[in-house]
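Hi,

Here is the structure I promised to pass on. Have a look at it first, and then read my notes below.

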Amino acid sequence: MQNKILSVKDLNVKFNLRGRTLHAIRNLSVDVYRGETLAIVGESGSGKTVLNKNFIGLLDPNGFIDGGEILYYGNGDPVDLAKYKGEKDWLGFRGNEISMILQDPMTSLNPLKSIGAQIGESVRIHQNLSGEKLKQAVYDLLEEVGIEEPERRARQYPHEFSGGMRQRVVIAIAIACRPKILICDEPTTALDVTIQAQILNLLKDLKVKFNLTVIFITHDLGVVANVADRVAVMYAGDIVEIGTAEEVFYDPRHPYTWALLGSLPQLGIKGESLYAIKGTPPNLFMPVVGDAFAPRNPRALKIDFMEEPPYFEISPTHKAKSWLLDPRAPKVEPPEYIKNIRKVGGEVDGR
Ligand SMILES: Nc1ncnc2c1ncn2[C@@H]1O[C@H](COP(=O)(O)OP(=O)(O)O)[C@@H](O)[C@H]1O
Ligand SMILES: [Mg+2]
């Protein structure tokens, strides 16, 4: 069996908001394997960011873990990150073991400090360098992320960098402490397509070079085909389907995954109109009954509204939480474009 680096078990995360409680992560379990790229996909609001912020101790102050474990095996024996309390516990961990790149590079850079100073802070803390050696380490990092003329660029400020270049700087800061896991939270969403591709390539190169495990968060399934070994599909605070990229693209089983694939413009489905995902996700201030996707699922069964489905195993690497996979379920045909997907699949992932 593959080597786990992170193992989340029955995790529940809640937020207190004006006297009410929002259940953002609902009993979620997932394993992340050493050296893989795991993509987490799902609509905005499905809990992708909240889930991952638990891995670096950056949950918003009104949020809290209400049960579950986050076992980190980075250094051999597991430590339970769910038990970490406060900055003291996280200080030596964040950045050194797990690093996170956020969607908007502007929010993670200080507009008043030069690029060199900001990268230098990370390097100094980790590698304990100063003076010329520190400068050289900063230049090396800038080159590592594809920024030319590092001496000149290091003196500049964030506003003198384009969006793509800023994201490269953020990546440099994230890898400065040589983390084992790099979490990329929609790292290319704010960028145009050409730049997006460059950043994805950079991340792929760095992953190999620095032996990283990557968690890649996105709402765009089109992006993940290019980068992911495995894909986890999130809906309403839980993972409803997970498998290898091949399995999730070519043999998706959860109706929500069907819907997500249907909204991929790359499929350019002829004959059948795009399967727009109608309706809205459930209100997580209220308990969810049955399959959270049922109210939006035109193919829902009666039981979907009553009982939460367990995971059904499709292969040793592929499982989905849908009653459609129960051997007793009536045969429900997926939409036409899912049946055709093998034919057009090559276009989606370029393989
Ligand atoms: N600080 C907070 N207080 C209350 N609710 C929050 C807070 N942060 C996130 N949420 C809620 O948690 C859910 C998941 O959010 P998020 O993880 O940001 O979604 P995603 O990253 O998938 O777009 C959403 O319903 C969001 O409104
Ligand atoms: Mg998010």
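**Salt bridges**

Asp326 and Arg328 are joined through their side chains by a salt bridge, with an N to O distance of 2.7 Å. Before I go on, please keep in mind that this is a predicted model. The two partners sit in contrasting surroundings: Asp326 is buried, with a relative accessible area of 7%, whereas Arg328 comes out at 71% and counts as exposed. There is also a network here, in which salt bridges with shared partners connect Lys331, Glu333, Glu336 and Lys339.

How many salt bridges does the count come to? It comes to 21, and I picked out two others for you. One is between the side chains of Glu121 and Lys113, at 2.7 Å from N to O. Glu121 has a relative accessible area of 31%, so it is partly exposed, and Lys113 is partly exposed as well, at 33%. The other one brings together the side chains of Asp251 and Arg253, at 3.0 Å from N to O. Asp251 has a relative accessibility of 28% and is classed as partly exposed; Arg253 also has 28% and is partly exposed too.

**A charged patch**

On the surface you will find a patch of negative charge where Asp140, Glu143, Glu148 and Glu151 gather. Glu148 is the one I looked up in more detail. It belongs to the loop that runs between helix H5 (131–144) and helix H6 (150–154). Why can Glu148 be called exposed? Its relative accessible area is 66%, and the cut-off for exposed is over 50%.

**Helix H11 and the rings**

Now for the covered parts. Helix H11 spans residues 255–262, and eight of its eight residues are buried. Going along H11, the buried residues are Pro255, Tyr256, Thr257, Trp258, Ala259, Leu260, Leu261 and Gly262.

Tyr256 comes back when you turn to the aromatic rings. Searching the whole structure gives eight aromatic pairs. One of them is the edge-to-face pair of Tyr256 and Phe293, with 5.1 Å centre to centre and 70° between the planes. This pair links distant parts of the chain, since Tyr256 is in helix H11 and Phe293 in the loop between H11 and strand E12 (312–315), 37 residues apart. Both rings belong to buried residues: Tyr256 has a relative accessible area of 0%, and for Phe293 the value is 1%.

Phe312 and Trp323 make another pair, with ring centres 5.9 Å apart and planes at 65°, so this one is edge-to-face. Phe312 is part of strand E12, while Trp323 is in the loop between strand E13 (318–320) and helix H12 (336–339), so the pair ties together parts that are eleven residues apart in sequence. Phe312 and Trp323 are both buried.

There is a cluster to look at too: Tyr72, Tyr84, Trp90 and Phe93 are linked by ring pairs.

**Backbone oddities**

Which residues would I check for their phi angles? Asp10 is one of them, with a positive phi of about 45° although it is not a glycine. You will find Asp10 in strand E1, residues 4–17, and its relative accessibility of 42% makes it partly exposed.

Arg178 goes on the list as well, as a residue other than glycine with a positive phi near 55°. Arg178 is placed in the loop between helix H7 (163–175) and strand E8 (181–185). With a relative accessibility of 39%, Arg178 is partly exposed.

**One last distance**

Finally, a spacing to have at hand when you turn the model around. How far apart in space are Gly243 and Thr280? From C-alpha to C-alpha they are 25 Å apart, and in sequence they are separated by 37 residues. Gly243 is in strand E11, residues 238–244, and it is buried, with a relative accessible area of 0%.

Over to you!

Methods: Residues numbered from 1 in each chain as written. Chains lettered and ligands numbered in written order. Predicted model: local features only at pLDDT ≥ 70, side-chain atom pairs only at ≥ 80, totals over all residues. Heavy atoms only, no water. Patch = residues over 30% accessible without salt bridge, like charges linked within 9 Å, V, L, I, M, F, W, Y side chains within 5 Å. Areas by Shrake-Rupley, 256 points an atom, 1.4 Å probe, with all protein chains shown as cover. Salt bridge = Lys/Arg side-chain N within 4 Å of Asp/Glu carboxyl O. Lys, Arg positive; Asp, Glu negative; His and termini not counted. Charge placed at Lys NZ, Arg CZ, Asp CG, Glu CD. Helix = DSSP H or I, 4+ residues; strand = E, 2+ residues; numbered from the N terminus. Buried < 20%, exposed > 50% of the residue type's maximum accessible area, 1.4 Å probe, protein only. Phe/Tyr/Trp six-rings, centres within 6.5 Å; stacked < 30°, edge-to-face > 60°.
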